Each structure stands twice: as structure tokens, then as C-alpha cells.
Amino acid sequence: QQSAVQRSAQQSSQAARQGRRPAGTGSYCREYLNRREDLRASTMADRPDRPLSPADLWQAATASRRQTSQSSIGDETNAAGAPDASVGGADGKISSKNSQKAYAKLAWKEAKGKFVWCSVVLLMRIFFGAVKHMASLSAIDDADVPGTMPYELMGYSFELPPLALKVAAVGITLISSVASLLVLVLPDVLFNPSRLGFLAAFPPLLQLIKSDFQLSDLPLAPTRVSQCMMGKLTPRQLLVILPVYFVTTLLATATVRFIVPASFLFGGLDPIEYGDNHTDGTLDGVLGWAMHSAKEVMVNAVAVVGLRIFPELLRINRVGNAEIWCILVVVWPLSRIAVGFSGSGSSFAPELVYALRCVRLWDPSIVVAEDSTAVELSTVFQLARSAHRLGPILGGVLAGKLMASFFP
């Protein structure tokens, strides 16, 4: 039996020398046969004519398997943005200096993408708020107006002569008509400030930010948490990305507030009114908090799975306009699901909820009907608000577990 194994190994070695595929050997044996000279130089220097034994074949297969596993792990780590082992020393270890540079580069790249995303979302919210306000304007009645007439628009007073008054009446009527047509044609979630999730999880915007800034996933906190749960992002990278998301979103919100005058905000920086000021710490309040937390977790889990899986399934089946279909099938229905006492939808971005609340505390001109500063700083209110801050994060954890099991 041993001589038969030796003859098989010799035949495989001769076939490899002649450029033919060895019969009866696997990929690991072929890897070994391609490096047979190096192995003989290291282990068979005393007997160069020794035939290949089963132990030699097993040793070569184990070494090849280990090398293949390490290379695949390295490729996935580098694709997720982790520091590359090639930047280390001769032993393959990563120095702390190179690791710090890699994480700083990762944080800077994520911060740029997040800042642009937050700025665009808030400006879109301000624009649609302005359209809604323009649709409610009425024409100026200039009948029997001698001389000039005081007119107030968006907090500014004007003294208009009769001719200018007629021109303004025509212009305002035209603008109001166009705005009313937009309100009638476009989805109502665009003009509802409590449906911020439709703009925050807008698939074309997310894909554009991801591709332009070369991010490894969509720039939302729940999607990055799900990416970590799938093993495509290390916990250390997640601990770098999440604080960057919260701080960058806060800076972008404050920047928009200081650039845009208060008269032209049109409610674009108002926090989402979830009605959490009704929570008083009683049993009914706790049950309501638990129900809203469960809704946030489930809605965000489905949203993350839909945003990451549904467009890819459409592309695999050669269906065009994958992002548009994702809006109609995933984002629009989920953004209409009520997750609070007031019927507001999920934001799909807890970092944006946090930033709007902070700016609301800093700027007294942003008045919210549901609470005051005293209520905002109360412990019960903060616990109630945790359903909309921790719920999306837990939804990302659940989505990562689901995708790791069914869509690896």
C-alpha cells in the first residue's frame, strides 16, 4: 500500500513537471507541487531523491489552507477599511503609529461624507417647508388702496406703491400656484416635518455619498452597526465611526442654523415631535415606551435589510432604477409607520434626532409645541426619548444578525 502511494505521488510530480494537472490531487496538493523545490530545499536537503510521502502531501495541504484563510480574512478586513498588515514591519505586525494613521484617515473620510449627508438632508427639509409655506400664501388685494400699503412677508415689512403691489400680487399668486401643484403631485411625506426618515434614508442620496466618499456602507448609524454584526466591520472601527457620526451631524446642523436666517428656516430644524412629553413615569407611560421602542427596532431592522438587500436583488435580476423602486417599496411605506405618541415616523438616523434636539436647546428661536426647556431636561423625558435614540441602534443589530444568517 505504501509503494502504491509513492507511485501515485511520483506520477503526480511527473505530471506537474510536464505542465499537466495531477490526477487525483486537490487544489492544496497542486499548490504544494508548484512549490516542491522550496519544500525539498528546507525539509529534504539530505535526501533530494526522496519520493513524496502522504505526510508531505498533508503538510503541504495544511500550509496552503492556512495561507488561503489568512489571505481571505485580510481581503475582507482591508475592504472594510481596517489597517492593512502590509504597512507593518517584516513580521507582519501593525505598528501603533500606522494604526493610528489608518483610523484617523477612516474617521476623516466618514466625517466628510456624514457632514455632506446631514447638510443636504436639512436643506431639503427647509426647501420643502418653504414650498409648503408658499402654497399657503394668498394674493394681495389692491382694490381701493391709495398711495402705498404696508405688507409683511416672512417677518419683513414693506411699503409697496400701487404698481409694485400689483406686480407682487401677480408674482405671489404664480408662486403659490406652482407650490400648490408641487404639494399636490409630490408625496406628502416630503412636506411633513414628522416624516424626516423619508429624506434621511433617501436611497439615491445615500448611494451618492457612499460612492463619492468611498465609504464601505451607507452613511447611517443603523447600517454601520449591522455591518459590524456581519463581521465586515471591526468593533474598534465601529467605536470610531459612531462618535464621528454624532459629532459631525451636530456640527452640520449648527452650521446650517448659523448660515440660514431664522426667517427662512420654515421649520427645517425643528425636532421631530414624538409626543414624549406625555410620558409621566406611570405604568401606561412605561408600556407606551416599550411599544414604541419595539416599533423602532423592527422598523429600522426592516429598513436596513431593505436598503442593503433590495437594490442588489433588483440589479441581479437586471431591473433598472433600483433606487427608485427602493423608495417606493422600502422607504416610503416604512417612513409612514407611527413610532410615537404623536404618530411621527422613525428618522432612521438617531444621530440626527440628537443633533436637532441639541440645536433646539441652544437656539431659543426654534420653538417646539410639545415641550419646553424644563421638560426637555427632565429625566423622564430623556428616558422616553431613548426609544428613538437606542431603538435604531438595536434595529441595526437585529438587521445584522438577519443578514448574516440569510444574506451573507
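Are Glu 110 and Arg 224 buried or exposed? In this predicted model, both Glu 110 and Arg 224 turn out to be buried. Glu 110 and Arg 224 also form a salt bridge, with their closest N and O atoms 2.9 Å apart. Glu 110 sits in helix 5 (residues 96-135) and Arg 224 in helix 9 (residues 221-229), so this pair ties together parts that are 114 residues apart in sequence.

Now for the overall picture. The protein is built with 16 helices and two strands. Of its 408 residues, 41% are buried. Taking the contacts between residues at least 6 apart in sequence, 70% join residues that are at least 24 apart. As for the outside, the accessible surface adds up to about 21,900 Å², and carbon and sulfur atoms account for 63% of that.

The surroundings of Arg 224 can be followed a little further, into helix 10 (residues 235-259), where Leu 242 is found. Along the chain, Leu 242 and Arg 224 are 18 residues apart, while in space their C-alpha atoms are 8.2 Å apart. Leu 242 has a relative accessible area of 18%; the cut-off for buried is under 20%, so Leu 242 counts as buried. Setting aside residues up to four places away in sequence, Leu 242 touches Ala 221 and Val 225.

Next comes helix 12, which runs over residues 322-335. How far should its 14 residues span at 1.5 Å a residue? The expected figure is 20 Å, and the end C-alpha atoms are 18 Å apart, which agrees. The helix isn't straight all the way along, though: helix 12 bends by about 35° at Leu 328. Several of its residues are tucked away, with Ala 322, Glu 323, Cys 326, Ile 327, Val 330, Val 331, Leu 334 and Ser 335 all listed as buried.

One of these buried residues, Glu 323, deserves a separate look. Glu 323 belongs to helix 12, and its relative accessibility is 19%. That value falls under the 20% cut-off, which is why Glu 323 counts as buried. What does Glu 323 contact, leaving aside its neighbours within four places in sequence? The partners are Pro 203, Pro 204, Gln 207 and Arg 315. With Arg 315, the side chain of Glu 323 makes a polar contact of 2.4 Å.

That pairing is also a salt bridge: the closest N and O atoms of Arg 315 and Glu 323 are 2.4 Å apart. The two partners differ in how much they are covered, since Glu 323 is buried at 19%, whereas Arg 315 has a relative accessible area of 35% and is partly exposed. Nor is the pair on its own, because Glu 312, Arg 315 and Glu 323 are linked in a network of salt bridges. A search of the whole structure finds six salt bridges.

Another salt bridge involves Arg 336 and Asp 188, whose closest N and O atoms are 2.9 Å apart. Arg 336 lies in the loop between helix 12 and helix 13 (350-362), and Asp 188 in the loop between helix 6 (162-185) and helix 7 (197-200), so the pair ties together parts that are 148 residues apart in sequence. Arg 336 counts as partly exposed at 37% relative accessibility, and Asp 188 is partly exposed too, with a relative accessible area of 45%.

Finally, there is the loop that leads from helix 11 (283-316) to helix 12, where Arg 318 is found. Arg 318 isn't a glycine, yet its phi is positive, at about 60°. Asn 321 is found in the loop between helix 11 and helix 12 as well, and Asn 321 has a positive phi of about 55°, again without being a glycine. Are these two loop residues, Arg 318 and Asn 321, buried or exposed? Arg 318 has a relative accessible area of 80%, and the cut-off for exposed is over 50%, so Arg 318 is exposed. Asn 321, at 57% relative accessibility, counts as exposed too.

Conventions:
Residues are numbered from 1 along each chain as its sequence is written. Side-chain values use heavy atoms; hydrogens and water are left out. Helices (H or I, at least four residues) and strands (E, at least two) are DSSP runs, numbered from the N terminus. Buried means under 20% relative accessible area, exposed over 50%, partly exposed in between (1.4 Å probe, protein chains only). Contact means heavy atoms within 4.5 Å. Accessible areas come from the Shrake-Rupley method with a 1.4 Å probe; for residues, only the protein chains shown count as cover. The expected span of a helix is 1.5 Å times one less than its number of residues. The bend at a residue is the angle between axes fitted to the seven residues ending there and the seven starting there. A polar contact is a pair of N or O atoms within 3.5 Å; within protein, one must be able to donate a hydrogen and the other to accept it, and residues adjacent in sequence count only if both atoms are side-chain atoms. A salt bridge is a side-chain nitrogen of Lys or Arg within 4 Å of a carboxyl oxygen of Asp or Glu.
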